[in-house]
Amino acid sequence: MTGQIVVVKIGGSTLGQGDTSLADLVLLQKRSQKVVVVHGGGGEVSSWSSRLGIQSTFIAGLRVTNQEELHVVTAVLAGLVNKRLVLELNNAGGTAVGIAGVDGGLIAADVMNPALGFVGDVGRVKPRLVSALLDAGFLPVISPVCYGKREGVRTLLNVNADDVAAEIAIALRASRLVYLTDVPGVLDTHKKVLPRLSTTDVARLTQEGIIRGGMLPKTRACVVASQIVKETRIIDGTTQHALLREFDDQVGGTSIVRDELA
Ligand SMILES: Nc1ncnc2c1ncn2[C@@H]1O[C@H](COP(=O)(O)OP(=O)(O)OP(=O)(O)O)[C@@H](O)[C@H]1O
Ligand SMILES: [Mg+2]
């Protein structure tokens with residue numbers, strides 16, 4: 001497998017705010033850096049669901065994805081959000097190709113909690129399609145619409161984008177995994193950035209309720225990835241050239257490292 005691949009997860013919260021993330025991705029591609037983008041877009045799914053009159057239900061804070069909502073998730077994430085990103089990257093001079101977790105059998109998912117409906121956890125990753133796109137010089141843009149079996153029937157499954165990014169980084173043996181988000185990193189109770197966290201630190205901060213909400217799946221995914229991926233980072237995607245600076249001077253943000261390296 002080709003080395004020096006970078007996986008970047010773009011948060012829905014930083015998308016479309018006129019930040020420089022997409023321009024940075026194109027510059028990295030022009031530097032011949034192999035980059036893979038994974039995106040979410042939960043906010044957009046919610047807004048389309050409510051426009052279509054679909055009631056969202058939650059179990060312990062987790063959104064239940066019923067059949068109707070799965071259709072919205074697929075249309076919005078694998079369609080609108082994915083294609084808009086590709087268009088913007090290509091407009092900025094890149095050569096992006098949008099795919100979903102289902103394409104090329106990329107990500108098979110397992111239903112862990114049937115009560116959540118059509119939601120899966122990453123099972124097996126077959127990165128052949130992504131590697132082929134990278135080798136051909138394309139910038140793959142991946143939505144987390146994956147596939148698997150539910151009640152014995154093959155179906156599309158909605159998977160958390162933070163987990164998808166981590167598992168793709170592992171499967172590609174990426175050298176770096178970067179989460180672009182809307183905060184300067186993992187923050188302590190005084191809103192100060194914690195620059196370096198071990199697996200044990202993440203467990204403690206989670207237990208103490210300091211890491212919560214959207215930061216939970218992200219730090220969990222980082223802990224998993226950090227076993228294999230050398231640099232696992234959570235940075236503020238809303239600052240100017242956050243991504244370029246990540247490669248050039250790496251100021252700010254949070255690194256998640258294995259306990260042995262802490
Ligand atoms: N300790 C913490 N430090 C920083 N942010 C935290 C912490 N605990 C919870 N959060 C929340 O996590 C949020 C980031 O996760 P969120 O899921 O909202 O964004 P994202 O994953 O970047 O985007 P999206 O989910 O829309 O794709 C922050 O905006 C903040 O509200
Ligand atoms: Mg999130």
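## Ligand 1 and its surroundings

Ligand 1 takes up the space of the largest pocket. A pocket here is an open set of points on a 1 Å grid over the protein atoms alone, with protein on both sides within 12 Å along at least five of seven lines, and a molecule sits in it if more than half of its atoms lie within 2 Å of its grid points. Strand 11 (176–181) and helix 7 (215–225) are the elements that give two or more residues to the shell around ligand 1; helices (H or I, at least four residues) and strands (E, at least two) are DSSP runs.

This is a predicted model, where local features need pLDDT of at least 70 and side-chain atom pairs count only at pLDDT 80 or more, while totals for chains, interfaces and linings use all residues. Residues are numbered from 1 along each chain, chains are lettered from A and ligands numbered from 1 as written, and side-chain values use heavy atoms, without hydrogens and water.

Around ligand 1 there are 17 residues, of which T181, D182, I210, R212 and K218 come nearest. "Around" takes a heavy atom within 4 Å.

Here are some polar contacts (N or O pairs within 3.5 Å):

| Ligand 1 atom | Protein partner | Distance |
|---|---|---|
| nitrogen | L187, polar backbone atom | 2.9 Å |
| oxygen | K9, side-chain N or O atom | 3.1 Å |
| oxygen | M215, polar backbone atom | 3.4 Å |

K9 also meets D162 in a salt bridge, at 3.0 Å from N to O (the cut-off is a Lys or Arg side-chain nitrogen within 4 Å of an Asp or Glu carboxyl oxygen). That pair joins helix 5 (residues 161–171), home of D162, to strand 1 (residues 5–10), home of K9, across 153 residues.

Methods. Polar contact = N/O pair within 3.5 Å; in protein donor to acceptor, adjacent residues only side chain to side chain. 1 Å grid on protein atoms, 1.4 Å probe; cavity = no way out; pocket = protein on both sides within 12 Å on 5 of 7 lines; lining within 4 Å.
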